[in-house]
Every structure is written in C-alpha cells, then in structure tokens.
Amino acid sequence: MSRERAFLEQERVDVTYRPVEERIRDFQAVDLPLTDAEIQLQASRCMECGTPFCHAAASGCPLANVIPELNTYVYRGHWKEALDLLLSTNCFPEFTGRVCPALCEGACVLGLIRQPVNICKIELAIVEQGFQRGYLKAHVPSSRRRERVAVVGSGPAGLATAHVLNRAGFNVTVYEKDAKPGGILRYGIPDFKLEKWVVDQRVELMTQEGVVFECGVDVGEDVSYRFLRDRYDAVVLAAGAGVARDLAVPGRDLDGIHFAMEFLRRQNRLVGGERADPEQPPTAAGKNVVVIGGGDTGSDCIGTAWRQGARQVTQLEILPEPPATRSDSTPWPQWPLIRRDSSSHKEGGTRLWSVDTTSFSGSQGHVREIHCARVEWIADKTGGRPFPRKVSDSDFALEADLVLIAMGFVGPGGTGLAERLGIAKDERGFVARDADRSTNIEGVFAAGDMHRGASLVVHAIADGTRTAQKVTRYLNEKGATRYV
Ligand SMILES: Cc1cc2nc3c(=O)[nH]c(=O)nc-3n(C[C@H](O)[C@H](O)[C@H](O)COP(=O)(O)OP(=O)(O)OC[C@H]3O[C@@H](n4cnc5c(N)ncnc54)[C@H](O)[C@@H]3O)c2cc1C
Ligand code: SF4
C-alpha cells in the first residue's frame with residue numbers, strides 16, 4: 001500500500017518551469033524537476049484502486065503501465081523494482097515521462113474528487129533514477145536467430161519495434177532517411193521539451209544491444225523494396241504521417257508561408273549541430289508570426305518563435321475554446337477536452353479561438369497580412385459532427401511576416417513509399433493493415449503514425465511494441481525457429 005489516506009492530506013505538486021526571461025534565451029529543457037523526496041510524496045497519493053482505470057489501456061495508459069504498483073515501489077524507495085516493472089510495459093519511459101500528455105491522469109480515480117496523481121513525472125523519476133544509478137544497461141540477447149528484419153523509419157514506433165525484435169534475438173536494421181535517428185522526437189519536438197541527448201542515449205543503448213542504424217537512407221529512393229525483400233525476412237514500415245494538411249486559400253503561394261514541420265525541423269537541426277537546409281523557412285527574428293493550428297505542433301512553433309526573437313506571436317484555432325474543467329462531453333474516465341496551456345503558451349502571445357483563415361495578402365511576393373473571420377459551430381441535426389459557419393461582418397486582418405501552418409497531417413510519410421511498394425491504404429489515406437498488423441504484402445507490416453495517422457509518442461511506442469510481437473509470431477510460424 002502507498003501511505004494510507006495520503007491522498008486526503010497531500011496535494012498534487014507539479015513541476016515548475018525556469019523563468020520565462022531566462023528560458024526564451026536558450027533551447028534547453030524548461031522543466032525544473034521535482035526532487036526524489038517530492039516524487040515519493042506524490043506517489044504516496046495513489047489510492048491503489050481495486051480497478052485502476054489509469055492502468056487499463058482502454059481508459060488510461062496505452063502501454064498499460066502498472067501504475068498503482070509503480071507508485072507503491074516509489075513511495076517506499078524501491079527504485080530498482082519500480083524500474084523493472086516500468087520497463088516490462090514501456091521500453092522508452094524517458095520519452096513518455098517528458099512528452100506524454102498523461103492519458104492515465106485523465107482516468108485517475110483520485111481525479112474525480114481532487115487533482116489526479118502526478119503519474120507522468122513519477123514515471124520520469126523512475127527511469128532517470130535507473131540511468132543515474134546505472135541500472136539501465138545494454139542487454140545483448142544471449143542467442144541470435146537467423147532471421148533479419150528491416151524497420152523503415154526511426155521515430156518512436158520504429159525504435160520500439162526494433163527494440164523488441166532485437167531483444168527477441170532477431171537481426172534488426174533500422175533505415176532512416178534523416179541524418180540521425182529519432183523521427184519527430186529529434187526533428188519535430190524542440191529541445192525545450194525533449195533535449196536530444198535523451199534520444200542519443202537510447203540510440204546508443206540500442207546500438208550496443210545490436211540494432212543497426214542505417215541513417216541517410218531514403219527507402220524507395222536510395223534502396224528499393226526489392227533490395228529489402230531479398231535481404232530481410234520481414235519489413236516493418238514506420239515512416240510516420242509526413243503529409244501536412246494544407247490551406248487552400250488565396251495568397252497561399254506568397255513567400256513567408258510555411259508548414260510548421262519545416263520551421264521546427266530547421267531549428268532542431270541547428271540546435272543538434274546540423275546545417276539548416278537552404279530551402280527551409282527563415283527564422284522568426286523580428287517578425288510578426290501567425291501560427292495556424294492549436295495543437296502540440298502549433299505550440300512548439302510558438303516556443304521556437306519566441307526563442308528566435310519573434311516580435312509578436314498569434315495562434316489561430318478554428319475550434320471553439322475548450323472549457324477550463326472537464327465537461328459532460330468527456331466524462332471521467334475519458335481523456336478530458338479542456339483548455340491546455342503549454343510552457344510555450346505561458347511565454348506570451350495571443351491565442352484566438354473559433355477563427356478561420358480566409359486569405360493572405362502581401363507585397364513584393366511576400367506575405368504581410370492574414371485575413372480571418374470568426375466562426376460559430378453549428379450542431380448537425382442529422383447527428384453528424386458540428387460544422388463551422390462564418391459569423392457575418394466578423395472579418396479582420398492581422399499583420400503577418402511569417403505564417404506557420406500546423407493543421408495536422410493527412411497522409412503517410414515516406415514520400416510515395418507506400419505507392420512504390422503497392423501498399424494498400426485505408427479510407428483516410430493511411431497505410432492499411434490487418435489484425436496481425438500486416439499490410440496487403442506478405443511479410444510487410446506497418447506501425448505507428450503511418451497506419452494510425454498523426455497521434456502521440458505513447459501510441460507510437462505501444463503500436464511498435466505490439467507490431468514487433470506480431471512480426472515475431474509471423475516469423476515463428478513461417479519456419480521453425482532458426483538460431484545461429
Ligand atoms: C511538432 C510535433 C510535436 C509533437 N509533440 C508531441 C508531444 O509533445 N507528445 C506526444 O506524445 N506526441 C507529440 N507529437 C506526435 C508524435 O511525435 C508522433 O505521434 C510520433 O512521433 C509518431 O511516431 P512514428 O514513429 O510513427 O513516426 P515519426 O516520429 O514521424 O517517425 C517516422 C520516421 O520515418 C522516417 N522515414 C520516412 N520515410 C522514410 C523512408 N522512405 N526511408 C527511411 N526513413 C523514412 C522519417 O524520417 C522519420 O524519422 C508531436 C508531433 C509533432 C509533429
Ligand atoms: S506513458 Fe503516458 S499514459 Fe502511460 S503512464 Fe506514462 S504518462 Fe501515463
């Protein structure tokens with residue numbers, strides 16, 4: 001048991017951030033972590049419910065982390081036991097502990113009457129203790145199988161797939177078109193949320209364990225599917241959801257209007273010591289920046305723009321402003337639709353809700369203004385989704401020298417990879433797969449955002465893990481287990 005009745009006495013304490021004036025001068029992590037003693041007190045708040053909704057993948061953690069038991073171990077200071085238990089369900093808690101929105105906390109029973117247990121930061125403390133105390137070491141499989149598996153893409157889904165298959169003894173090679181592994185962990189999410197030494201540390205461990213990373217290889221371009229088929233017993237496609245949703249309004253072709261990922265990628269490359277691509281967007285220094293889209297990607301653009309020295313930053317969202325607290329539309333234990341203010345939002349700027357972009361205008365070929373209108377959301381009488389309707393005489397314009405489109409993703413990454421391989425897609429345009437995670441081509445599997453559509457790191461890790469289990473079964477069934 002955690003400390004009896006602690007949940008009645010102990011309030012939730014959240015991480016704090018470095019002061020805004022200090023943190024917007026660099027790209028380092030913004031969090032000021034809780035001390036171990038504070039984390040243990042937070043863990044003591046767990047009620048150890050008979051039915052822990054936080055732990056169930058259907059309502060809480062997609063990885064089914066065994067949260068109540070983890071909390072008990074931490075409260076009692078049994079960090080090693082906590083780490084072993086955590087790693088039994090989550091291969092990369094150092095990523096989720098930093099960037100997971102904590103779906104588990106939305107399903108915490110304590111959240112019904114008080115603030116939920118601070119599960120995400122307890123998870124981070126466990127794995128950081130593991131690294132600091134030297135518990136996390138490379139585990140090289142004691143025996144190797146003959147079969148070889150190629151994983152295309154090194155985002156969290158590809159990394160998780162490779163990790164699980166390698167630990168099972170397969171010979172795994174990860175092909176990555178970028179210069180370094182990590183996918184969005186490295187080139188999308190800024191260092192102020194996830195410093196890249198965290199990704200490097202994991203890649204180094206996996207390399208020591210025997211996973212081979214072939215970076216700078218664009219599968220479909222630099223190597224063909226035939227090349228993979230001839231050399232590998234199975235191929236897992238984990239190329240992400242790289243096709244960004246565009247905004248087809250007049251003036252879209254003006255200079256200064258870019259996709260958010262181009263902007264974030266450029267800055268992440270610079271912070272990581274790589275050169276910026278010449279064709280990538282310029283910095284936000286001295287500019288009036290408008291970010292279109294209110295999700296994680298948009299929020300990361302805001303924090304990056306401030307650090308580059310933006311004059312002003314405005315974020316537009318077409319959806320209405322969510323309520324401050326859980327509403328009836330997302331009852332417990334569902335993930336609550338509430339307004340979330342990230343560390344970047346707390347750094348300044350303006351957020352506008354229920355606003356649609358109607359056009360851009362500019363001078364000398366460069367954007368200068370973004371034209372908008374307010375919308376109201378109308379309930380669909382036939383039971384479909386609500387739809388936006390323009391509010392009459394609500395047009396307005398904002399100064400804009402740099403516009404960043406962060407409106408989500410509409411198709412799989414891999415620049416035509418699926419088409420080149422003849423892989424079937426589903427009705428949403430993402431890679432289709434069956435219950436065994438196989439695509440329409442035998443021996444070719446799909447994992448992560450490439451199948452699921454743009455999602456979360458925790459979903460990518462869970463999906464990669466389960467896909468690896470299906471690949472193992474496929475290879476086991478295909479032939480008798482072949483050990484070297
Ligand atoms: C800016 C941004 C911020 C985000 N912030 C968060 C957050 O804070 N928390 C959270 O939980 N989620 C966040 N997400 C979502 C999360 O990052 C993704 O859901 C997750 O990374 C998907 O993992 P994946 O492995 O499927 O794909 P990706 O991470 O996209 O990785 C796919 C990889 O495949 C490679 N690839 C593509 N084509 C080829 C090819 N032909 N050959 C070789 N390699 C190829 C790509 O270069 C890439 O490295 C964010 C997303 C974005 C865009
Ligand atoms: S991975 Fe995310 S949902 Fe799962 S326990 Fe950690 S913070 Fe919660």
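**Close-up views of a predicted model**

**View 1. The shell around ligand 2.** Here we meet 14 residues around ligand 2, and Cys61, Thr96, Cys100, Cys104 and Cys120 come nearest (a residue is near a molecule if its C-beta atom, placed from the backbone, lies within 6 Å of it). This is a predicted model, in which local features need pLDDT of at least 70 and side-chain atom pairs count only at pLDDT 80 or more, while totals for chains, interfaces and linings use all residues. Residues are numbered from 1 along each chain as its sequence is written, and chains are lettered from A and ligands numbered from 1 in the order in which they are written.

**View 2. Helices beside ligand 2.** Helix H7 (103-106) and helix H8 (119-132) each give at least two residues to this shell (helices are DSSP runs of H or I, at least four residues, and strands are runs of E, at least two, numbered from the N terminus). H8 has the largest share, with three residues. By class, the shell holds 10 nonpolar, three polar and one charged (Ala, Val, Leu, Ile, Met, Phe, Trp, Tyr, Cys and Pro count as nonpolar, Asp, Glu, Lys and Arg as charged, and the others, Gly among them, as polar).

**View 3. The shell around ligand 1.** Of the 41 residues around ligand 1, Gly153, Gly155, Gly183, Gly240 and Gly448 come nearest. Elements giving two or more residues include helix H9 (156-167), strand E4 (171-176) and helix H17 (457-478). The shell divides into 20 nonpolar, 13 polar and eight charged residues.

**View 4. Domains at ligand 1.** Domain 2 (148-242 + 410-478) and domain 3 (246-407) each lend at least three residues to the shell around ligand 1 (domain bounds come from an automatic or database domain assignment). The centres of these two domains, taken over C-alpha atoms, are 29 Å apart.
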